[in-house]
Structure formats: structure tokens, C-alpha cells
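Biologist: Please take a close look at one part for me, the sheet, and walk me along it strand by strand. I'd also like to hear what sits against it.

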Amino acid sequence: MPRLTADRRHPVSFTLNGKRVSGQAEPRMLLSDFLRHEIGATGTHLGCEHGVCGACTVQIDGGLARACLALAVQTEGAEVRTVEGLSPDGGATLSVLQNAFREHHGLQCGFCTPGFLVTLDALFRNEPHASEDRIREMLSGHLCRCTGYAPIIKAALAAQATLLASAAKPDPDDAMPEEDVHA
Ligand code: FES
Ligand code: FES
């Protein structure tokens, strides 16, 4: 990494939810502040701002990270995924996970929800058959002041079942073409 000057803003550019974004950041600027204030991506929330509550969780190059503990300049050239990237069509439709949270009352005020969703999205991509214990372990790094957690676990299990069922369905495009029958 090149040496950066502390009191100067430096260009930062990375891929956010599949699109190239860029802005300026002092070396000490947090990724969470860069996303929210420089890019305008306010889906990533800030609770504790010291790595405890999980509200600011994002994916950087496929791994989970607290955006309040990462520096914006560290993400130069990286692939960043936030809650805004979960919808399959840029926000018009909810993802399976988001739908499950809505159906099973996995949120009340919704402040903690982006972090829960981003963590579960990474978990189900990497470990689609994760056990309930594993889901609980992954979510233990997230705090919610509203739900009592039971509906969140229920939503996570429901989303996982839906994702597994759709992965098991044969893709119609893969079906063998029927042979022409000539009389
Ligand atoms: S705001 Fe980052 S962990 Fe709480
Ligand atoms: S839904 Fe309110 S903090 Fe989690």
C-alpha cells in the first residue's frame, strides 16, 4: 500500500454491490462513514461504532467485516457487498432472506437488520447446510434490542429451507430437448 498523508484526502475506489464507486477519504476515515457519507449508501447502519453490535457488518472480498473497524482506504480495489446488494433486482424485489425476515417478524425497528442479513447471506453462500447451532454461533456477534432473537432464528431457518429447496429444483434450461417424432 502506498504511504498516505494523514491530513490529506486520497482517492478510494472499489466495487460496491457490482458497481464501481469512488470517492475521497482521509486515511483515518472509517469504511462505514465512507459508505454512508461519501457514497450515500446508508443501508449499512452504525450502532456502537467499536465492533460490538454488528449493525455495520459488510462483506469485503466475500469475508465478513465490521465497517466501523475498517478504514475506507483499506478497501481500495476490493469487492464490497452491503445490504443494498441483497435484492436480486436493485431493490424492487426482496431477497429470500429479506422476505423471510418480513414473514417471520425477524425485525421490529430494523436498525440491526442489515448486519444480520449480510452475515446470513455470507453464511448461506459458504455453508448452505449450516446447522442451527452454526447459525446461532454466527449471529452471536449481532445485537438486537427489539426481537428477543427467536423470530430472527426462525426467519434464518425459513430462508435456509427456501434456498435449499430452490437449489435442489432442476433448472428447466438444463432439460434435455425432446427429440422430434416423425410418423
Ligand atoms: S457499529 Fe460496527 S459493530 Fe457496532
Ligand atoms: S429490530 Fe430493533 S434493534 Fe433489532
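Modeller: One definition first: two strands count as paired here if DSSP finds at least two bridges between them. Keep in mind, too, that this is a predicted model.

With that rule in hand, start in the middle. Strand 5, residues 79–81, runs parallel to strand 1 and is joined to strand 1 by two bridges. At this junction Thr15 of the first strand has Glu79 of strand 5 standing opposite. On to the next neighbour: strand 3 and strand 5 are also joined by two bridges, but here the two run antiparallel. Gln59 has Arg81 as its bridge partner in strand 5.

Now go outwards from strand 1. Seven bridges hold strand 1 and strand 2 together, in the antiparallel sense. His10 finds its bridge partner in Ala25 of strand 2, and Thr15 turns up again here, bridged to Arg20 in strand 2. So much for the ladder; the link is a hairpin, with two residues between strand 1 and strand 2. If you check backbone torsions there, Asn17 in the turn has a positive phi of about 50 degrees.

Out the other way there is another hairpin. Strand 3 (residues 57–60) pairs with strand 4 (residues 63–66) in the antiparallel sense, over four bridges. Val58, for instance, has Ala65 of strand 4 as its bridge partner. Two residues separate strand 3 from strand 4, and Asp61, in the turn, has a positive phi of about 50 degrees.

Put those pairs side by side and you get an open sheet of five strands, in the order 2-1-5-3-4, with mixed pairing. Strand 2 and strand 4 are at the edges with a single partner strand each, so each has one side without a neighbour in the sheet. From one strand to the next, the twist averages 40 degrees.

What sits against it? Helix 1 lies across strand 1 and strand 2, and its run makes about 100 degrees with strand 2. Helix 3 (residues 113–126) packs on the sheet as well, touching strand 3 and strand 4, with its direction at about 35 degrees to that of strand 3.

Back to helix 1, which spans residues 31–39: Leu31, Ser32, Phe34 and Leu35 are its buried residues. An α-helix has 3.6 residues a turn, so residues three or four places apart point the same way. Those buried residues of helix 1 pack against strand 1 (10–16) and strand 2 (19–25). Just after helix 1 comes Gly40, with a positive phi near 85 degrees.

Now the wider setting. The domain assignment splits the protein into domain 1 (10–85) and domain 2 (96–168), and the C-alpha centres of the two domains lie 21 Å apart. In contact across the boundary are 14 residues of domain 1 and 11 residues of domain 2. On the side of domain 1 that touches domain 2, strand 3 gives the most, three residues. That side divides into six nonpolar residues, eight polar and no charged.

Last, the packing. The largest nonpolar core has 37 residues, and the members that touch the most others are Leu30, Leu31, Phe34, Ala67, Leu97, Leu117 and Leu120. Strand 1, helix 1, helix 2 (96–103), helix 3, helix 4 (132–139) and helix 5 (150–168) each give two or more residues to this core. Helix 3 has the largest share, with five residues. Both domain 1 and domain 2 give residues to the core, so it lies between them. For one local view, look at Leu120: leaving out residues up to four places away in sequence, Leu120 touches Leu97, Ala156 and Ala159.

Key:
Residues numbered from 1 in each chain as written. Chains lettered and ligands numbered in written order. Predicted model: local features only at pLDDT ≥ 70, side-chain atom pairs only at ≥ 80, totals over all residues. Buried ≥ 20, exposed ≤ 12 C-beta atoms within 10 Å, placed from the backbone. Contact = placed C-beta atoms within 7 Å. Domains from an automatic or database assignment. Nonpolar A, V, L, I, M, F, W, Y, C, P; charged D, E, K, R; others polar. Axes fitted to C-alpha atoms, helices over the stretch in contact; angles between N-to-C directions. Core = buried A, V, L, I, M, F, W, Y, C linked by C-beta atoms within 7 Å.
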